[in-house]
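Here are my notes for a colleague coming to this structure for the first time. Please keep the model open while you read.

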Amino acid sequence: MQINGGVRFCEQGMKASIRAMHVQSEVLGMINENITGFDKVGFQRREPVVSAFTEYIGIHGLSSTVDDQVGRIMVSKNPLDITMANRGYFQVQTNEGVKLTRDGRFKLDKFGNLLNLEDNPVLSSAGMPIKLPVVPGNASEVVVNSKGKVSVYDKNSNQMLEAGYLGIVDSNGLAVLDPDVKQGYNEHSNVIIQNEFLAVKPVVRNFEANRQIFMMESQNLQKVIQQLGSSS
């Protein structure tokens, strides 16, 4: 009974180490994703959240949250590049439904529809695709104000015609009243690269510590098996 109890102890220790290494690998994956997304327009970093029971249930106790802080805003040469100085998301219509994005690199098709880079329609505050009343000869004839109102210059009437307001919402789908829209700008990721590299060190240390524990438990288990074999 004492030998069997020892074997179960080694087995549980090995399982716990494997679970911990699996969790640390997933955390490293999130950090790596943040680092690779550093130069991506509209990218928002993911923050790993480890629950109090992760040591018992493994990666099922690991989740993540999105950091919605505004990223680095930089000037763009494209007048259809739109960003927000405040928190919020543009809405685009995709085949999988409405998606939220901080990537405001838009374009126009030949019919005057406002699209994102994947050719998905950009939605208005009314939930409908934005279509300009006239097709401009140049993208600079499209004007977007700080509230997200999209207008286009009509040469025939010499007037600015309204096309609607950008449908800017928060993560819960509620309208953002003051998005502080900026035309001719891109928002790059909110990742601080130094912080991500610093976050790697403790994760790697924890992984190595659990690997050492796994090796020790494995050696102990091998000794027990050898002793059982020699006694028989």
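1. Start with a strand pair. This is a predicted model. Strand S9 and strand S10 run antiparallel, and three bridges join them. Strand S10 covers residues 149-154. For a landmark, take Val-142: its bridge partner in S10 is Val-152.

2. Now add the next strand. S10 also pairs with S11, again in the antiparallel sense, over six bridges. Here Val-150 is a useful marker, with Gly-164 as its bridge partner in S11. S10 and S11 form a hairpin, and four residues lie between them. In that turn, Asn-158 has a positive phi of about 55°.

3. Put the pieces together. The result is an open sheet of three strands in the order S9-S10-S11, with antiparallel pairing. Which strands form the edges? They are S9 (142-144) and S11 (159-165), each of which pairs on one side only. On average, neighbouring strands of this sheet are turned by 25° against each other, direction ignored.

4. Look closely at Gly-164. This residue lies in strand S11. Is Gly-164 buried or exposed? Its relative accessible area is 14%, under the 20% limit, so Gly-164 counts as buried. Gly-164 touches Gly-148, Lys-149 and Val-150, leaving aside residues up to four places away in sequence. Gly-164 and Val-150 are 14 residues apart in sequence, yet 5.6 Å apart in space, C-alpha to C-alpha.

5. Next, the nonpolar cores. The largest has 19 residues. Those with the most contacts inside this core are Ile-82, Phe-90, Val-150, Leu-166 and Ile-168. Val-150 is thus a residue to revisit: it has a bridge partner in S11 and a place in this list. Strand S4 (82-84), S5, S9 and S10 are the elements that give two or more residues to the core. A second, separate core has six residues, including Val-23, Met-30, Leu-62 and Val-203. As background, nonpolar side chains tend to be buried together in soluble globular proteins.

6. Check the aromatic rings. How many aromatic pairs are there? The count comes to one. Phe-90 and Phe-106 form it, edge-to-face, at 5.2 Å centre to centre and with 80° between the planes. Phe-90 lies in strand S5 (residues 90-94), while Phe-106 lies in the loop between strand S6 (97-101) and strand S7 (107-108), so the pair ties together parts that are 16 residues apart in sequence. Both Phe-90 and Phe-106 are buried. Phe-90 also appears among the residues with the most contacts inside the largest core.

7. One more ring deserves a look. The charged end of Arg-72 sits over the ring of Phe-38. The distance to the ring centre is 4.3 Å.

8. Finally, inspect two loop residues with unusual labels in your backbone plot. Asp-119 is not a glycine, yet its phi is positive, near 65°. Asp-119 is in the loop between strand S8 (114-115) and S9. At 49% relative accessibility, Asp-119 counts as partly exposed. Asp-180 is likewise not a glycine and has a positive phi of about 55°. Asp-180 is in the loop between S11 and strand S12 (181-183). Its relative accessible area is 24%, so Asp-180 is partly exposed.

Conventions
Residues numbered from 1 in each chain as written. Predicted model: local features only at pLDDT ≥ 70, side-chain atom pairs only at ≥ 80, totals over all residues. Heavy atoms only, no water. Pairing = 2+ DSSP bridges. Axes fitted to C-alpha atoms, helices over the stretch in contact; angles between N-to-C directions. Phe/Tyr/Trp six-rings, centres within 6.5 Å; stacked < 30°, edge-to-face > 60°. Buried < 20%, exposed > 50% of the residue type's maximum accessible area, 1.4 Å probe, protein only. Lys NZ or Arg CZ within 6 Å of the ring centre and 35° of its normal. Core = buried A, V, L, I, M, F, W, Y, C linked by side-chain atoms within 4.5 Å. Contact = heavy atoms within 4.5 Å.
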